[in-house]
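Visitor: I'd like a close look at a single part of this protein. Could you pick one strand and walk me through its surroundings?

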Amino acid sequence: MAVIKVRKTGEIIKGEENVSRFLEKQGVLYEHWDINKLPDRLKEKFVLTDEEKEEILAIYKEEIEDLAARRGYKAWDVVALSDATPNLEELLKKFEQVHTHTEDEVRAITAGHGIFIIKGDEQTGYFDVELEAGDVISVPEGNPHFFTLMEDRQVVAVRLFIDPSGWVAHPYEEKEEVIKK
């Protein structure tokens, strides 16, 4: 279950209802998918074949199609990151820069962990959303954010797009300091 840490205040928000309510106020979609649908052999696997990625998409077909219908997404895939990923350090450096997109950034975590650092409203400032298997998040288009891995450095996620070209990162110049935690 996701946990939120508000950087300005140190407040920690836990529990699906509390997390959902906080993120909704920030314009961020949060849902939780049933991770028990995934076979045990895929729950902790971070190097996936194309067939295994297709299997994950098939397992969550209903959830993906429901979210796509509600939000206008037209394409999806699976991404897997771990220490076995070629050029992982270069990828992480690219991900860890505050940026925006011309469409929502959507991730449904199916294994592992990740953190989205998202710019909230003026009162809230930046907050971390620590995600684990089953958590689904959609950062709205144009909202400054970045993503990084947690200490275990492994994640598998379903990504949804309106158009994959809209997922190009556009650097964001921050006026306030974003403290890396």
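Guide: Sure! One bit of vocabulary to start with: two strands pair if DSSP finds at least two bridges between them. Keep in mind, too, that what you're looking at is a predicted model.

Let's go to strand S10, which covers residues 155–161. One of its partners is strand S4, residues 75–81, and these two run antiparallel with seven bridges between them. To find the spot on screen, look for Leu 81, which sits opposite Val 155 of S10. Another partner is strand S6, residues 105–119, again in the antiparallel sense, this time over six bridges. Here Ala 111 is the residue facing Val 156 of S10.

Now for the side chains. In a regular strand they alternate between the two faces of the sheet. On one side of S10 you'll find Val 155, Ala 157, Arg 159 and Phe 161. The other side carries Val 156, Val 158 and Leu 160. So are these residues buried or exposed? They are all buried, so both faces of S10 are covered. "Buried" here means a residue has under 20% relative accessible area. Because seven of the seven residues in S10 fall into that class, the strand is largely enclosed by the rest of the structure. So when you click through residues 155–161, try following one face and then the other: Val 155 begins the list on one side, and Val 156 begins it on the other.

Note on methods. Residues numbered from 1 in each chain as written. Predicted model: local features only at pLDDT ≥ 70, side-chain atom pairs only at ≥ 80, totals over all residues. Heavy atoms only, no water. Buried < 20%, exposed > 50% of the residue type's maximum accessible area, 1.4 Å probe, protein only. Helix = DSSP H or I, 4+ residues; strand = E, 2+ residues; numbered from the N terminus.
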